[in-house]
Amino acid sequence: MWRCALPPLLRYPTFDELGARAAALVARRPRDARLRRVGTSRAGTPLWLLSVGHGTRQALVVAGPHANEPVGGATVLRLAERVLADPRLHEGADATWNLLLCLDPDGLRRNEGWLHGPYTLGGYFRHFFRPGFMEQPEWLPDGADAASLPETRALLDLQDELRPFLQCSLHGVDVGGGFVELTHDLPGLAQRVAHSAARLGIPRELGPYDTLYWPELGPAVYRIPRPRRGDLAAAITEAAVESTWFHPHRHGTVTAVVEAPMWGVAAVEDGARPVDEETVLRMVSHTLRHDTGVLERLLERLRPHLPAGPETARLLAPVDDYLLVCPGLADTWDPDFQEPGDARPLPPLSTAHLAALRIAGRRLALRTAGLLHQLVTAAGRDPAAVMPELNRLLDEWCEDYRDGCGARWIPVARQVEYQSRVVLATFELAGRYAPACSRSGEPGWNAGAAVPMHRE
């Protein structure tokens, strides 16, 4: 049996390293693997598709849809090696694996300040980058026909070309646990996820705030509700728009969003009923309001001194998005803001849900502080004298993740192995159940109103 000669990945690969390793793999197995350019990013970076096998059934795996989530790139390389080593996964399954190395290469390059480690929370958030909502390539806020980002158009064209029976979108949770979101139930997946997570020491997230109101298909497996229209403020925090997850359903595609954590938190796996729910919710919501106010005042001091130009605009867009949604989220979580007859009351919450909400509120503040830190760094000076306070906030909030939430680093190799195993499980189960799946135009498909979430 063929064995891959490439050394294992012990750290996250950069975009250039992804391409080099994929090319080396193709050079070793040119009959079974091929690499082609399927599009170009906004900055002119090629979008590379690595295909393995020659079967008639197409599987599409998309890495790097979010710029700050590099685990997917390492996972697609691992999947390619595994598929090439096991003919049952391509010849035996009559399948071709199509592995998009990175959907947002420009964004990934902006995260290279922390990709090679050392992997610390402070280093990650000080170098964190993720574009504003309207520049994230999986979303279709105005529908597929109006999609303008070249990365989005490339993915849509690829979906229509391949008509895959399975699409896996590979995401990473910075702090929390692993979970899966599906457009259609795959019976048995929750058990597979539990087994892989237990073997690899990965906490399962039993109450992600992304999925707070979504149907649960099993522990750490959730069904994505149908999209619906909304304004921009709503779209940032809801499944309010069309997406590339739903676009290929006209072809009968099952989409799985596979989340793998970087820093694990044991509490997100605690499904017990909390005894102090309202106290925790008040603490989380009040903390988010306080932190948002602090960050808004820092931005107010900093903004007049920022140079005009694309670099400033690129960093300000996500800052403005985060500061826009934080007050509404704090109100949604605060029991003192819940009115009788509220159209969206909080569902029954477990300890895992409360842990996830605490992590989410802290995450929004840390991302915003990190982006403000980069704005000052990019300017080359600190005329508003905000850097000392930003560094203090970043250090305190990262310490809260470590000591207050118990966040612990998960080695890259384990993250990749976990995500690879979950993808392989969805591949097997989708091949078994996909023919019976409803199509988007059929009555009752994915019924249920969309509800608040913030895409992790």
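A disulfide is a pair of cysteine sulfur atoms within 2.5 Å. Keep that in mind for the first view of this predicted model.

**View 1. Cysteines without disulfides.** Go through the structure with that cut-off and you end up with 0 disulfides. Two of the cysteines to look at here are Cys398 and Cys405. Buried means under 20% relative accessible area. Cys398 has just 2%, so it is buried. Cys405 comes in at 14%, so it counts as buried too.

**View 2. Helix α7, residues 189-200.** This helix has 12 residues, which should span 16 Å at 1.5 Å a residue, and its end C-alpha atoms sit 17 Å apart, in agreement with that. Right after α7 comes Gly201, with a positive phi near 70 degrees.

**View 3. The two sides of α7.** Which residues of α7 are buried? They are Leu189, Ala190, Val193, Ser196, Ala197 and Leu200. Looking down the axis of α7, you'd find these buried residues within an arc of 130 degrees, so they line one face of the helix. The spacing helps here: an α-helix has 3.6 residues a turn, so residues three or four places apart point the same way. Among the elements covering the buried residues of α7 are β7 (179-182), β8 (216-218), β9 (221-223) and α13 (412-433). Flip to the face turned away from the buried side and you meet the exposed residues Gln191, Ala198 and Arg199.

**View 4. Helix α10 and its bend.** With 24 residues (310-333), α10 reaches 35 Å from first C-alpha to last, close to the expected 34 Å. Where does α10 bend? The bend is at Cys326, by about 30 degrees, and a proline, Pro327, follows within four residues.

Note on methods. Residues are numbered from 1 along each chain as its sequence is written. This is a predicted model: local features need pLDDT of at least 70, side-chain atom pairs count only at pLDDT 80 or more; totals for chains, interfaces and linings use all residues. Side-chain values use heavy atoms; hydrogens and water are left out. Helices (H or I, at least four residues) and strands (E, at least two) are DSSP runs, numbered from the N terminus. The expected span of a helix is 1.5 Å times one less than its number of residues. The bend at a residue is the angle between axes fitted to the seven residues ending there and the seven starting there. Buried means under 20% relative accessible area, exposed over 50%, partly exposed in between (1.4 Å probe, protein chains only). The arc is that of the directions from the helix axis to the C-beta atoms. Contact means heavy atoms within 4.5 Å.
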